Amino acid sequence: MLLSDYQELRDLVSRFADEAVAPLAADIDKNEKIPTELIKQLGENGFLGSYIPEEYGGAGMDYTSYSLIVEEISRACASTGVLVSAHTSLCVWPILAFGNEEQKKKYLPKLASGEHIGCFLLSEPNAGSDAGSLTTYAEDKGDHYEITGMKNWITNGKEGNIAICFAKTEKTDNYKGISAFIVETDSPGYEIVKIEEKLGIKGSSTAQIALDKVKVPKENLLGKEKKGFSIGMATLDGGRIGIASQALGIAEAAFRYARQYSSERIQFGKPISSLQAIQFMLADMSTKIAASRLLIWEASRLKDNEKPYSLESAQAKLFAAEAAMWITTKAIQVCGGNGYTKEYPLERYFRDAKITEIYEGTSEIQRVVIAANELKKNK
Ligand code: CAA
């Protein structure tokens, strides 16, 4: 795609975000729910199937376009942004990358239209950063598997119709026995046992899910048996670009608010934007936003060109998440007492930013990935 195509896409998504998403964001946060009608609109606009090829009902765009879509929607509402991101990065992508033709034909069209929402069942109560230690078990029953276990912190857990589920087909004490499955969430034995109450991204559902002898047909194995951990890690490489984009969207929203406020707020007889103390905060925010965008752009470009990008996606997520936390903190500082109240959106941006340092790999895990990739370069 040409640079001008990306600009055109950004303008289009930005308009949708400002007109259809932003006016709902405070209520989404308060009511802890994304309206079904908004999810429908996301699907109708192609935002849930951005890089699904047209032959499977998608918009046929690339990954860079997807990250731009997540950024713009997250600028308006971080909960809606992560619904798009988890659905696309964590459910659509592994089916596209590892699914066979039958699986793609069966699952992608409804995921592209938004008729189905996707989620990703990797983490467990005792397997967070140490994903390889999961204990959910998929017992081979001849023509099907029977999956039993408990999954935690599942984004889109309430809305999800299709789950990419990780379970061991061999009971190892490390990642080696893990396989990946496409699970239909209306299967008997699949139960949402808890919806988490959270600090931020309150409109995004985060569920605990119990699987009790869930029958999964053999044809729903994703990729090869016992190759599930690599599928999960490769999926998260892409997912991390999505979360970096979410963080960037939140940071941009906070920055724009603080910048505008600083020109309107009069203290000591003049706008506070004339004070160097405020200007320096705005300058640092602007620079961190630009750096985040370039890191995201680079990781997306590599992914689009089928080059390795684990290092770059971890760098983008680490930097953009920490920048979002810093920027939302400073944006409140610029707006002072007003910024701290619920009358202004800044406290929501601040609460929403925190999760980007945690899910799809904490900042510490990103540093582990970055260091491992750098050290591999030593002779
Ligand atoms: N792509 C493909 N394969 C990869 C890979 C990648 N990026 N990284 C590792 N692998 C493969 C390796 O090749 C190796 O496979 P083989 O044995 O076949 O060669 C295997 O995975 C193990 O590799 P490592 O020894 O490097 O892995 P590790 O056990 O040291 O773990 C880790 C690495 C970085 C700590 C990893 O466990 C990790 O990323 N943990 C964090 C998990 C995470 O992000 N969880 C978030 C869950 S999703 C979520 O947040 C919920 C939501 O809904 C949003």
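This is a short talk about how the ligand sits in this protein.

Okay, so before anything else: what we're looking at is a predicted model. Keep that in mind as I go.

Let's start with the neighbours. The ligand has 22 residues around it. The closest of those are Ser-129, Tyr-175, Asp-237, Arg-240 and Glu-360. If you sort the shell by class, you get eleven nonpolar residues, seven polar ones and four charged ones.

Now, where does this shell come from? On the domain level, domain 2 (119-226) and domain 3 (230-376) each supply at least three residues. Down at the level of elements, H7 is the top contributor, giving seven residues to the shell.

Next, the polar side chains. Asp-237 puts a polar side-chain atom 2.7 Å from a ligand nitrogen. Arg-240 has one 2.9 Å from an oxygen atom of the ligand. And then there's Thr-155, with a polar side-chain atom 3.1 Å from a ligand oxygen. As for burial, the ligand on its own would expose 1100 Å², and the protein covers 67% of that.

So which pocket is this? The ligand takes up the space of the largest one. The elements giving two or more residues to the shell there are strand E3 (144-155), helix H7 (228-264) and helix H11 (363-375).

That's it from me. Happy to go back to any of those contacts on the screen.

Note on methods: Residues numbered from 1 in each chain as written. Predicted model: local features only at pLDDT ≥ 70, side-chain atom pairs only at ≥ 80, totals over all residues. Heavy atoms only, no water. Near = heavy atom within 4 Å. Polar contact = N/O pair within 3.5 Å; in protein donor to acceptor, adjacent residues only side chain to side chain. Areas by Shrake-Rupley, 256 points an atom, 1.4 Å probe, with all protein chains shown as cover. 1 Å grid on protein atoms, 1.4 Å probe; cavity = no way out; pocket = protein on both sides within 12 Å on 5 of 7 lines; lining within 4 Å. Sits in = over half its atoms within 2 Å of the grid points. Helix = DSSP H or I, 4+ residues; strand = E, 2+ residues; numbered from the N terminus. Nonpolar A, V, L, I, M, F, W, Y, C, P; charged D, E, K, R; others polar. Domains from an automatic or database assignment.
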